[in-house]
Amino acid sequence: MRPGVLLIAVVALVVAAAVAQAQGPGRPTSESFRIEWVRRPPSMRPGVDGYIYNDSRWRVTSIRVRAVVVDAAGTVVRESVVSVWGNAVPGTRTFFVLPALGEDQIYQLTVISFDLISEQTP
């Protein structure tokens, strides 16, 4: 094999490995986050408090959550997108607020987007 061809093959392998590592399983996906919500008690202003748990190794920001309100019959009542302000640090939870619900309604929440800040060391 000629040296020039060998050099090109080695460079191609190094680039492919770097791309695979950058896109590897360490990067978070929507499934890297758990979401909980709870209605506020009657003694407080009406509303729903939400929490996102960051189970990834990445600090993220600008999280957007799709909030679908479903009634007791399973019919979609309304849908919106809620922004979560601040950074979500690995292993912690981040607070956000949702509009109040009717008695027979629940939220179905999913993370639809976020921005990476940095990977945290274990």
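Which residues does Y107 touch, not counting residues up to four places away in sequence? The legends below take up this question and the surroundings of the residue in a predicted model.

**View 1. The contacts of Y107.** Leaving aside residues up to four places away in sequence, Y107 touches W37, V48, A67, V68, V69, R78, L98, P99 and L101. Y107 is also among the residues with the most contacts inside the largest nonpolar core, a group that further includes I52, I63 and L98.

**View 2. The largest nonpolar core.** This core has 19 residues, and at least two of its residues come from each of strand 2 (48–54), strand 3 (58–70), strand 4 (76–88), strand 5 (93–98) and strand 6 (106–119). Strand 3 gives the most, with six residues.

**View 3. The open sheet of strands 1, 2 and 5.** Three strands, in the order 1-2-5, form an open sheet in which the pairing is antiparallel. Strand 1 (33–39) and strand 5 are the edge strands, each of them pairing on one side only, and from one strand to the next the twist averages 25°. Between strand 2 and strand 5, the antiparallel pairing extends over six bridges; V48 has L98 in strand 5 as its bridge partner, and both V48 and L98 are touched by Y107.

**View 4. The open sheet of strands 4, 3 and 6.** A second view shows three strands in the order 4-3-6, which form an open sheet, again with antiparallel pairing. Strand 4 and strand 6 each have a single partner strand and stand at the edges, so each has one side without a neighbour in the sheet. The twist here averages 15° from one strand to the next. Strand 3 and strand 4 run antiparallel and are joined by ten bridges, and within this arrangement V69 stands opposite R78 in strand 4; V69 and R78 are both among the residues that Y107 touches.

**View 5. The backbone at S62.** Most residues other than glycine have a negative phi. S62, although it is not a glycine, has a positive phi of about 55°, and its place is in strand 3, the strand that gives the most residues to the largest nonpolar core. Is S62 itself buried, partly exposed or exposed? With a relative accessibility of 36%, S62 counts as partly exposed, because this value lies between the limits of under 20% for buried and over 50% for exposed.

Key:
Residues numbered from 1 in each chain as written. Predicted model: local features only at pLDDT ≥ 70, side-chain atom pairs only at ≥ 80, totals over all residues. Heavy atoms only, no water. Core = buried A, V, L, I, M, F, W, Y, C linked by side-chain atoms within 4.5 Å. Buried < 20%, exposed > 50% of the residue type's maximum accessible area, 1.4 Å probe, protein only. Helix = DSSP H or I, 4+ residues; strand = E, 2+ residues; numbered from the N terminus. Contact = heavy atoms within 4.5 Å. Pairing = 2+ DSSP bridges. Axes fitted to C-alpha atoms, helices over the stretch in contact; angles between N-to-C directions.
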